[in-house]
Amino acid sequence: MQSPLAEPGGGEPWPWEGLSGGRWLGRLLVAAILLAWVWVLATWPVTLAAMLLVAAIAGVGILIRPVLGLVLVAFAIPFGSLRRLSFGGAALGPQDVLLAATAAVWLARQLVRRRLDLRWPSLAGVGLVLVGVMLASFLPATALGPAVKELVKWVELVLALVLVVNLADRAGVTLLALGLLAAGAAEGLLGLYQFVARVGPPGFLLMGRFMRAAGTFDQPNPYGGYLGMTLPLAAGLVLTVWPGRGWRANRRLAALWLAAAAAGVLMLGGLVASWSRGAWIGAVAAVAAVVLARGGAWLRGALAGVLLAATLCILVLGRIPVPGFLQARFADLAADLVILDVRNVEVTDANFAVVERAAHWYAAWEMFSDHPWTGVGLGNYATVYEHYALPRWPEALGHAHNYYLNIAAEAGLPGLTAYLLWMAAGLWVIARAVRGSQGLEQGLALGALGLWVHLAVHSMFDNLYVHGMAIHVGLLLGMAAWVALGNRRREAWV
């Protein structure tokens, strides 16, 4: 009898491998590929040949074990902006191509076996409802190009979620987690270099000595958002996978713990270097949620450490010391967020960013007020912005800097309602995954919980569904759905 915990591995043999002469056919195929590669090296430019070699290796890896495609997608998300392909008016990043290739290989395997073995998580169904509502918001759209682009993001998010559930086994999700951590660590290290070496545009200069980090995201806020959504995965694994005294016998878990800890430190450094207040607030809320959900000795130790540090500071210094630059950073935010009428505010260098956001919030609210049931059309915020822009803020920034207002402006009340239901459904699935798991599985679920909290909080200040991060959300949600599915199967087996 097969255990209900058996998972779908990506490395099953292809059907023709059992045929007579199958091994020889495989060897002939490899020889043909090598000959073709020699010809490419001899006749094509070196740079293009190197790119094709990488693509060929990736393609073979995905064919052999499709879950590797998801690992490559995880790494391509932050670095996809470095190389994009243009087709007409559309631009595709490596993460889009890799996700499509992985889906195609998975579907081809189903067709070759002449059966459809599909695991459909309930969260994907809620995602399709949201996609359907967004599709309906095409009706009032005056520009279809941005609407299609926005819709594709959500289709990719749902596709990533479904692929993780259908392709990953325990080794696969571990490999995917390592890919996410490696990409986050690389971005954190790059951000620290930009911060210290002052690499970036003059407008990002801080205190005359440092530079706001933007990584490969061009802007500090989405960069901080990416790190803030990935950091909880490191925190969740640090809190759950350390094997304790048995680390010698389970060195793989110990190595995973060390990798998560190192990646977490680098991501935290990059997050600080981003100087993004929204990302900071979201990250604090996310890590706090991870620690609270983990509970036990970790929670007691964290609370005791915070209370002890605060008590010592009050007894010795008479106050809790906060660096002056942090006080100024958040004092400006607190003062400017109480602005009731942005049209009459005197704009200064200190309040420019906050007042600019408030102006775009105002425009989004006016769009929603004029079109409460249909919105102005998915992805069309920037298209119609000029009709709602305040006099001193004529330039559209692409989105409203508040995703809740943005979706309400573009898709009306139905879109906002569907999105809030999607957020509630995601939280429900993640909570089930956290409650019914332990060890590695619980660490993955805690990482998804932190991502969800960061996304909910940071979305009040920015739109994080940019630069391929919708796929990033889908991958982590997929891991949570995979854990929740395993929990249900364990309950059924017991």
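Helices (H or I, at least four residues) and strands (E, at least two) are DSSP runs, numbered from the N terminus. This is a predicted model, in which local features need pLDDT of at least 70 and side-chain atom pairs count only at pLDDT 80 or more, while totals for chains, interfaces and linings use all residues. Residues are numbered from 1 along each chain as its sequence is written, and side-chain values use heavy atoms, with hydrogens and water left out.

**Exercise 1. Determine which parts of the chain Asp169 and Arg65 link through their salt bridge.**

Solution.
1. A salt bridge requires a side-chain nitrogen of Lys or Arg within 4 Å of a carboxyl oxygen of Asp or Glu. The structure holds four salt bridges.
2. Between Asp169 and Arg65, the closest N and O atoms are 3.0 Å apart.
3. Asp169 belongs to the loop between α6 (144-167) and α7 (170-197), and Arg65 to the loop between α2 (46-64) and α3 (67-79); the pair thus links distant parts of the chain, 104 residues apart.
4. Buried denotes under 20% relative accessible area, exposed over 50%, and partly exposed in between (1.4 Å probe, protein chains only). With a relative accessible area of 16%, Asp169 is buried.

**Exercise 2. Characterise the salt bridge of Glu441 and Arg170.**

Solution.
1. The N to O distance in this pair is 2.7 Å.
2. Glu441 lies in helix α16 (residues 439-458) and Arg170 in helix α7, 271 residues apart.
3. Glu441 is buried at 8% relative accessibility, whereas Arg170, at 42%, is partly exposed.

**Exercise 3. Establish what Arg357 pairs with, and whether Glu356 has a salt bridge or none.**

Solution.
1. Arg357 forms a salt bridge with Asp462, with 3.0 Å between the closest N and O atoms.
2. Because Arg357 lies in helix α13 (residues 352-370) and Asp462 in the loop between α16 and α17 (469-493), the pair ties together parts 105 residues apart in sequence. Both partners, Arg357 and Asp462, are buried.
3. Glu356 is also placed in helix α13. Glu356 is buried but has no salt bridge; Arg357, the nearest side chain of opposite charge (Lys and Arg count as positive, Asp and Glu as negative; His and the chain ends are not counted), is 6.2 Å away.
4. Beyond its neighbours within four places in sequence, Glu356 is in contact (heavy atoms within 4.5 Å) with Trp393 and Leu397.
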